[in-house]
Amino acid sequence: MGCRQAVRHRILVPASGGSNPPAPAIYLYNGEHILRMKDITVFTGNAHPNLAKKICDYLDMPLGGAKVKRFSDGEIQIEIQENIRARDVFVIQPTCSPVNDNLVELLLMLDACKRASASRITAVMPYYGYARQDKKVEPRVPISARLVADMLTAAGADRVITMDLHAGQIQGFFNIPVDNLFGTPVLLDYLKDSFQEDVIVVSPDAGGVERARAFAKRLAAGLAIIDKRREVPNEAKAMAVIGNVKDKTAIILDDMVDTAGTLTEAAGALMRNGAREVHACCTHAVLSGPAIDRICDSELKSVVATDTIPLREGSRNCGKIKMLTISRLFGEAIIRSHKGDSVTSLFV
């Protein structure tokens, strides 16, 4: 056999001291590593095949063969089309819209891999659906995020890799390891390249202050908070701005944008308080219902999101929306999970 060339992977490693984000570095993996990577198989359902393909491109390996079909009555049928006995299997499937279909696809794929004798099965969920229902807010309601965790474990998942959980405590709903990655490195790089002066980071509510403060520190920017009131789900009313935003470029930071009600109300409040312009930054662009129309008609100059969720059809026609890929981050998490290396430096 001829010599195998080393493969280069660009990954994020901790910066030496200071509060700056990690700088990219080149790690070389030898031929032995490449042979071990043959023990990995990556599958995906119908939720986000483009992201799965990008992750496999980073891993320099093909996407595993799997058929996801439907019977005439809508039942989902899964068929794994290659031998995965004793393999380390990763199933990439965000549970985005249609949430229930994508969740059932994921559960059935996990079960199929378990029954095909995979040595370990990891559910790679860039977006964890039902994460907003993480506690009882009223009598006689379910804790849906916990139920989803139980179903994933019962279906055969040995580990979960996800990103920017809406509530960090969801990790405690699992009795298996959970790696909750953050979109921080990708978003910070974009913000540093795009905005240099008179920047202020804005939290759209009190719950996001910690996240906004961390971003503000790394951007050497100020911090502001929107005081809002929510009467019913998916409807919010921005009431006041805490902090000085006059003549500044305001960047609203959130983990997800769903109907964009909070976002557009916050943008209007910031402009009324003298902001020069308003941009938004989030990890998960759910963009359901009237979100696209609201963004297009709002004071927002741009909405930057990662590609944990595929853009809806109408979103592509909105010039304000920009997507950044997180494929390298997830690709690196898969490599490290397979090799048994630490993923701490990815939790930035």
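For the residue classes used on this tour, Ala, Val, Leu, Ile, Met, Phe, Trp, Tyr, Cys and Pro count as nonpolar, Asp, Glu, Lys and Arg as charged, and the others, Gly among them, as polar. Keep in mind that the model you have open is predicted.

**First stop: a pocket.** Select Asp164, Phe182, Thr184, Glu210 and Arg211. Of the 24 residues lining the second largest pocket, these come closest to its centre. The volume of the second largest pocket is about 430 Å³. Now colour the lining by class: you should find nine nonpolar, nine polar and six charged residues.

Next, show helix H5 (184–194), helix H6 (209–219) and strand E13 (249–257), the elements that each give two or more residues to this lining. Which of them gives the largest share of the lining? Pick H6, with five residues.

**Second stop: the largest nonpolar core.** This core has 35 residues, and Leu110, Cys113, Tyr128, Leu152, Ile170 and Phe174 touch the most other members. To see where the core draws two or more residues from one element, display strands E5 (76–80), E6 (88–92) and E7 (120–125) together with helices H3 (99–115) and H4 (144–155). H3 supplies the largest share, seven residues.

Centre the view on Leu152. Leaving aside residues up to four places away in sequence, Leu152 touches Leu106, Leu107, Leu110, Met125, Tyr128, Ala157 and Phe174.

**Last stop: another core.** Finally, select Ala267, Ala275, Leu311 and Ile321. They are among the 30 residues of another core, which lies apart from the largest one. As background for both core stops, nonpolar side chains tend to be buried together in soluble globular proteins.

Technical notes
Residues numbered from 1 in each chain as written. Predicted model: local features only at pLDDT ≥ 70, side-chain atom pairs only at ≥ 80, totals over all residues. Heavy atoms only, no water. 1 Å grid on protein atoms, 1.4 Å probe; cavity = no way out; pocket = protein on both sides within 12 Å on 5 of 7 lines; lining within 4 Å. Points joined across faces, edges and corners; volume = space filled by probe spheres on them. Helix = DSSP H or I, 4+ residues; strand = E, 2+ residues; numbered from the N terminus. Core = buried A, V, L, I, M, F, W, Y, C linked by side-chain atoms within 4.5 Å. Buried < 20%, exposed > 50% of the residue type's maximum accessible area, 1.4 Å probe, protein only. Contact = heavy atoms within 4.5 Å.
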